[in-house]
Amino acid sequence: MPASSSIELSQADKRELIRMVWQVLDHALAGRGLILPSPPSSEALQRHCACFVTLYHGGELRGCIGTVQTKDPLWRVACENAYASGFNDQRFLPLTLAERAELSLDIAILSPLMPIENQGEQALLDTLRPDIDGLLMDDGRRRALFLPSVWRSLPTPKAFVTALKQKGGWPPNFWHHNITLQRFTTQVISS
């Protein structure tokens, strides 16, 4: 059964979530650190839901941090991940105020993770749905995840899985029966 979104957000919920995330980033850019806004009244934003926040500067990746499981409400997870994306992603220096004008972001809300039986790499390649599936691979020591948005730059299942293996530290031709596979979809809110 394909994964589906676990949360329905109204347009007002989406606007409120974006407003809260930008508020966190703007406070941090002003040198105040992580300051969480007051909890929203929206029941949907209070639901426990994992997400990733991806920041772009001038259209280029500037940070991406997220969670696959959480015990916190969506609004809080999105705000904390936005802060971490801007200031704790080890691939980048912390954001600066000078970058603010060209910043944009995506909040990718994850569906529940759905196990895929490991029947070999070719079976996985035959099963993946480009532009729909995100994928989490884990062998107990290493773990790697790609959001569905990665299909934009890696449009074939082979390229997607090969790059994911490299991200996780596995050789490109590596495969083992103990790898656990989980797919998910995302609902993306952009600003």
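**Close-up views of a predicted model**

In the unreviewed UniProt entry, the annotation "domain: AMMECR1" covers residues 12-191. The structure shown is a predicted model. Over residues 12-191 the chain is 31% helix and 24% strand, and the C-alpha atoms at the two ends lie 14 Å apart.

**View 1. The largest nonpolar core and the elements that build it.** This core has 31 residues, and those with the most contacts inside it are Leu25, Leu74, Ile107 and Ile109. Two or more residues each come from α1 (11-29), α2 (43-46), β1 (51-57), α3 (74-87) and β3 (103-110), and among these elements α1 gives the most, with nine residues. When its neighbours within four places in sequence are left aside, isoleucine 109 is in contact with Ile7, Leu9, Cys49, Ala50, Cys51, Leu74, Thr185, Thr186, Gln187 and Ile189. A second core, separate from this one, has 18 residues, including Ile116, Leu125, Met137 and Val161.

**View 2. Strand β1 with its partners β3 and β2.** Six of the seven residues of β1 are buried, so this strand is largely enclosed by the rest of the structure. β1 and β3 run antiparallel and are joined by seven bridges, with phenylalanine 52 standing opposite alanine 108 in β3. β1 also pairs with strand β2 (residues 60-66), again in the antiparallel sense, over six bridges, and here tyrosine 56 has leucine 61 of β2 as its bridge partner. The hairpin formed by β1 and β2 has two residues between the strands, and glycine 58 in the turn has a positive phi of about 60°.

**View 3. Strand β5 between two pairing strands, β7 and β6.** Five of the five residues of β5 are buried, and the strand is mostly covered. Gly134, Leu136 and Asp138 point one way from β5, whereas Leu135 and Met137 point the other way, and all of them are buried. Five bridges join β5 to strand β7 (residues 180-184) in an antiparallel arrangement, in which leucine 135 has arginine 183 of β7 as its bridge partner. With β6, β5 pairs in the antiparallel sense over four bridges, and leucine 136 is matched there with leucine 145 as its bridge partner. The hairpin of β5 and β6 has four residues between the strands, and glycine 140 in this hairpin takes a positive phi near 95°.

**View 4. Helix α5 and what covers it.** Helix α5 (residues 157-168) has 12 residues, which at 1.5 Å a residue should span 16 Å, and this agrees with the 16 Å between its end C-alpha atoms. Its buried residues are Pro157, Phe160, Val161, Thr162, Ala163, Leu164, Lys165 and Gly168. Among the elements that cover these buried residues are α4 (121-127), β5 (134-138) and β6 (143-146). Just after the helix, glycine 169 takes a positive phi of about 90°.

**View 5. Aromatic rings.** A search of the whole structure finds four aromatic pairs. In the pair of tryptophan 170 and phenylalanine 174, the ring centres are 6.4 Å apart and the planes lie at 5°, so the pair is stacked. Tryptophan 170 is buried, with a relative accessible area of 3%, whereas phenylalanine 174, at 24% relative accessibility, counts as partly exposed. Phe146, Trp151 and Phe160 form one aromatic cluster, and Phe160 is also one of the buried residues of α5.

Note on methods. Residues numbered from 1 in each chain as written. Predicted model: local features only at pLDDT ≥ 70, side-chain atom pairs only at ≥ 80, totals over all residues. Heavy atoms only, no water. Phe/Tyr/Trp six-rings, centres within 6.5 Å; stacked < 30°, edge-to-face > 60°. Buried < 20%, exposed > 50% of the residue type's maximum accessible area, 1.4 Å probe, protein only. UniProt positions renumbered as here; feature names shortened; annotations may be inferred. Core = buried A, V, L, I, M, F, W, Y, C linked by side-chain atoms within 4.5 Å. Contact = heavy atoms within 4.5 Å. Pairing = 2+ DSSP bridges. Expected span 1.5 Å × (residues − 1).
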